[in-house]
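User: Hi! Could you walk me through this one while I look at it?
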Amino acid sequence: MQISSRFTIAIHVLTCMETFKEEYKVTSDFLASSIQVNPVVIRRILSQLKEAGLIEVKRGTGGATIAKPLEDITFLDVYQAVECIEDHTLFHFHENPNVNCPVGKNIHNILDDKLYRVQQAMERELASITMAEVVEDLKRNLQS
C-alpha cells in the first residue's frame, strides 16, 4: 500500500504558498515549476484544498493564499482533503475471497478491526504534525 503523491504535493503546495506569499503571486504555473508537475495536477489539488477550506483561490490573476493559520492545518487535514478514500477506509479489501476456504471465509472478520486500528494510529500521527512545523523546518534548512 502506498499513499498517492497528491499528499506530498499538497504539502509542497502549502509550503510554497507560505514561503513565497510576499514575493510572488502564487499561481498553479508557479507551483508547478517548483514541484515539477503539470499545472493541471496543481489546479486539481488546489481545488481540493479550497473545498476543504485550507486555501483561498482568486480566479484569473489573483493567485492562491492559505486560509487559516499554519498551526491550525495538520497533515491529517491535508490528507483528508486530497486523498480519495472511500468510506474512510485506508485499506482496500480484496473483493472475493473464497468462501469455501476457512481462511477466505473468515479473513475479512479477522482483519477489519486490526486494519481500522492501524488507520486510526496513522491518522493520530498525521493530526499531530502541523504545516507550521514544516515551514519552520524549511527556514532552519535554508539557514544551514
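Analyst: Happy to. One term before we start: helices here are DSSP runs of H or I with at least four residues, and strands are runs of E with at least two, numbered from the N terminus. Also keep in mind that this is a predicted model.

User: Got it. Let's use that on the second largest pocket. Which helix gives the most to its lining?
Analyst: That is α3, with four residues in the lining of the second largest pocket. At least two residues each come from α2 (28-35), α3 (39-51), β1 (55-58) and β2 (63-66).

User: How many residues line the second largest pocket, and which lie nearest its centre?
Analyst: There are 14 lining residues, and Ser28, Arg43, Leu46, Val57 and Arg59 lie nearest the centre. The volume of this second largest pocket is about 290 Å³.

User: And how do the lining residues divide by chemistry?
Analyst: The lining of the second largest pocket has five charged, five polar and four nonpolar residues.

User: Switching to α1. What should its span be, and what is it in the model?
Analyst: Helix α1 covers residues 5-20, and its 16 residues at 1.5 Å a residue should span 22 Å. The end C-alpha atoms are 22 Å apart, which agrees.

User: Which α1 residues are buried?
Analyst: The buried ones are Phe7, Ile9, Ala10, Ile11, Val13, Leu14, Thr15, Cys16, Met17 and Glu18.

User: What does Phe7 pair with?
Analyst: The structure holds five aromatic pairs. In one of them, phenylalanine 7 meets phenylalanine 75 edge-to-face, with 5.6 Å centre to centre and 80 degrees between the planes. That pair links distant parts of the chain, since phenylalanine 7 sits in helix α1 and phenylalanine 75 in helix α4, 68 residues apart.

User: Are those two rings buried or exposed?
Analyst: Phenylalanine 7 is buried, because its relative accessible area of 11% is under the 20% cut-off. Phenylalanine 75 counts as buried too, at 15% relative accessibility. Phenylalanine 7 also forms an edge-to-face pair with tyrosine 79, at 6.1 Å centre to centre and 75 degrees between the planes. This pair again joins distant parts of the chain, with phenylalanine 7 in α1 and tyrosine 79 in α4, 72 residues apart. Tyrosine 79 is buried at 3% relative accessibility. Phe7, Phe75 and Tyr79 form one aromatic cluster.

User: Nice. Now charges: how many salt bridges are there?
Analyst: The structure holds five. One of them joins arginine 6 and glutamate 83, at 3.4 Å from N to O. It links distant parts of the chain: arginine 6 belongs to helix α1, while glutamate 83 lies in the loop between α4 (75-82) and α5 (102-127), 77 residues away.

User: How accessible are arginine 6 and glutamate 83?
Analyst: Arginine 6 counts as partly exposed at 27% relative accessibility, whereas glutamate 83 is buried at 13%.

User: Where does lysine 21 find a partner?
Analyst: Lysine 21 forms a salt bridge with glutamate 18, and their closest N and O atoms are 2.9 Å apart. Lysine 21 is partly exposed, at 45% relative accessibility, while Glu18 is buried.

User: What about arginine 117 and aspartate 113?
Analyst: Their side chains meet in a salt bridge at 3.1 Å, N to O. Because they are four residues apart in helix α5, about one helical turn separates arginine 117 from aspartate 113. Arginine 117 is partly exposed at 48% relative accessibility, and aspartate 113 is partly exposed at 44%.

Key: Residues numbered from 1 in each chain as written. Predicted model: local features only at pLDDT ≥ 70, side-chain atom pairs only at ≥ 80, totals over all residues. Heavy atoms only, no water. Expected span 1.5 Å × (residues − 1). Buried < 20%, exposed > 50% of the residue type's maximum accessible area, 1.4 Å probe, protein only. Salt bridge = Lys/Arg side-chain N within 4 Å of Asp/Glu carboxyl O. 1 Å grid on protein atoms, 1.4 Å probe; cavity = no way out; pocket = protein on both sides within 12 Å on 5 of 7 lines; lining within 4 Å. Points joined across faces, edges and corners; volume = space filled by probe spheres on them. Nonpolar A, V, L, I, M, F, W, Y, C, P; charged D, E, K, R; others polar. Phe/Tyr/Trp six-rings, centres within 6.5 Å; stacked < 30°, edge-to-face > 60°.
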